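Me: Could you take a close look at one part of this model for me? I'd like to hear how a single strand sits among its neighbours, and then how that fits the whole chain.

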Amino acid sequence: MIVDLPNTTTNEVSKRLVEARGESGAVALGRVLTLILVTDEEGSDEAVGTANDASREHPSRVLVVVRGTTDGDARLDAQIRVGGDAGASEVIVLRLFGELAEHGSALVTPLLLPDAPVVVWWAGEPPADPLSERIGTMATRRIVDTAKAADPCAALEQLSKVAAPGTTDLSWSRLTRWRALLAAALDQPPYEDVTSAVVRGAADKPSVELMAAWLAHALDIPVTVEHTEPGTGMVGVHLTRASGEISIVREDGTVATMTQPGQPTRRVALHRRTDVECLTEELRRLDPDELFADVLTKGMPRIREGASA
C-alpha cells in the first residue's frame with residue numbers, strides 16, 4: 001500500500017501512517033530499529049529497494065530523507081509505504097525542498113521508533129564528517145559508502161581523518177569474504193610469519209586501499225598496492241612467507257583461484273557482494289567496529305607512508 005502526501009507536515013504523516021497500518025493490516029510490532037536513509041532523488045529508488053531487501057532480516061522503520069533543491073519555498077512531500085510495498089519494513093519517504101532541505105534531522109525526530117536503535121545510511125555521496133551531521137549525532141551506527149563518492153579515494157582519506165566509534169563503510173563490508181579466506185589460509189600449517197604482501201585492484205575502489213591497510217595493521221608488514229583498470233574491483237592478494245606465496249586471485253568478479261605451497265590449487269566462489277548483502281551485515285551489529293577504526297587510524301597511515309616512500 002502506498003499513500004502520497006504532497007505538501008504535508010510530520011503530524012499529518014504520523015496520523016496517516018497509523019491509518020495506513022490499519023487499512024493494510026500491517027503492524028509496528030517486531031521493528032528492531034529505525035533506519036534513516038539519506039539520499040538524493042536520482043538514487044532514491046535503488047536505495048529504498050536495498051533497504052527493503054535488508055529489512056527482511058532486520059525489520060525496521062525506514063525513514064528516507066531525499067534532499068531536493070534549496071531554492072523556492074519550503075515544502076515537505078511525503079510518501080508512506082506499508083505491507084507488500086515495504087518489504088518487512090514500513091517506509092516513509094520525505095522529500096525536502098527549500099529551507100527544509102537543510103533540516104532533515106528535525107523532520108525525522110517525531111517519526112523515530114521509541115526505544116529502538118537508530119542507524120543512518122548515506123546511500124550516495126558521503127558527508128565530510130558523519131558524526132558532525134545533525135542526523136549522524138542521533139544514530140547508534142553511521143554507515144557511508146565511499147565507493148559512491150565522486151572521488152572514492154579522497155572520500156576514504158577524509159573518512160580516515162574523522163574516524164569515530166560507530167562509523168563504518170560499505171567498502172569495508174565488501175571485503176568480509178576476502179578477509180575470511182586469508183585468515184583461514186594463515187590458520188593452516190606451516191604457521192610461518194608473513195613477510196610482505198601485494199594487493200592488486202582498481203584505483204577507483206576504496207576496498208583495495210582498505211585491504212592493504214588491514215594487512216599492514218594486522219600482520220605488521222610492508223604492503224604494496226598495484227592498481228588495475230578502473231571497474232575491475234579487488235583482483236588479488238599475495239602473501240609472501242618463507243615456504244612460498246599464498247595468493248587469492250579473482251579475475252572475473254565471481255570465482256577466485258587460491259594457491260598455497262604444498263596444496264592443490266583451488267577455485268573458490270567469491271562473487272562481488274551486493275549493497276543488500278553489505279547493508280544486511282552492517283545492521284547485524286550495533287556496537288562500534290573497533291577493527292575498522294584501527295584500520296582507518298593505524299593501517300591507512302602506513303599505506304600512505306609506503307606510497308610516498
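Reply: Strand 11 (residues 234-241) runs antiparallel to strand 12, with 6 bridges holding the pairing together on paper; bear in mind that this is a predicted model. The two strands make a hairpin, with 2 residues between them. If you want a spot to anchor your view, go to H238, whose bridge partner in strand 12 is S247.

S247 is handy for the other side too, as it stands opposite T259 in strand 13. Strand 13 covers residues 255-259 and pairs with strand 12 over 4 bridges, again in the antiparallel sense. Here the hairpin has 4 residues between the strands, and G253 takes a positive phi near 85 degrees.

So strand 12 pairs with strand 11 and with strand 13. How enclosed is strand 12 (residues 244-250) by the rest of the structure? Largely, because 5 of its 7 residues are buried, that is, under 20% relative accessible area.

Now zoom out. The protein chain has 10 helices and 14 strands, and 50% of its 309 residues count as buried. Among contacts with a separation of 6 or more, 71% come from residues 24 or more positions apart. The radius of gyration is 22 Å, which agrees with the value near 19 Å for a compact globule with 309 residues. Along its principal axes, the C-alpha trace spans about 70 × 40 × 35 Å. As for the outside, the accessible surface of the chain is about 13700 Å², with 51% belonging to carbon and sulfur atoms.

How values were computed:
Residues are numbered from 1 along each chain as its sequence is written. This is a predicted model: local features need pLDDT of at least 70, side-chain atom pairs count only at pLDDT 80 or more; totals for chains, interfaces and linings use all residues. Side-chain values use heavy atoms; hydrogens and water are left out. Buried means under 20% relative accessible area, exposed over 50%, partly exposed in between (1.4 Å probe, protein chains only). Two strands pair if DSSP finds at least two bridges between them. The radius of gyration is taken over C-alpha atoms; the globule rule is 2.2 Å times the number of residues to the power 0.38. Contact means heavy atoms within 4.5 Å. Accessible areas come from the Shrake-Rupley method with a 1.4 Å probe; for residues, only the protein chains shown count as cover.
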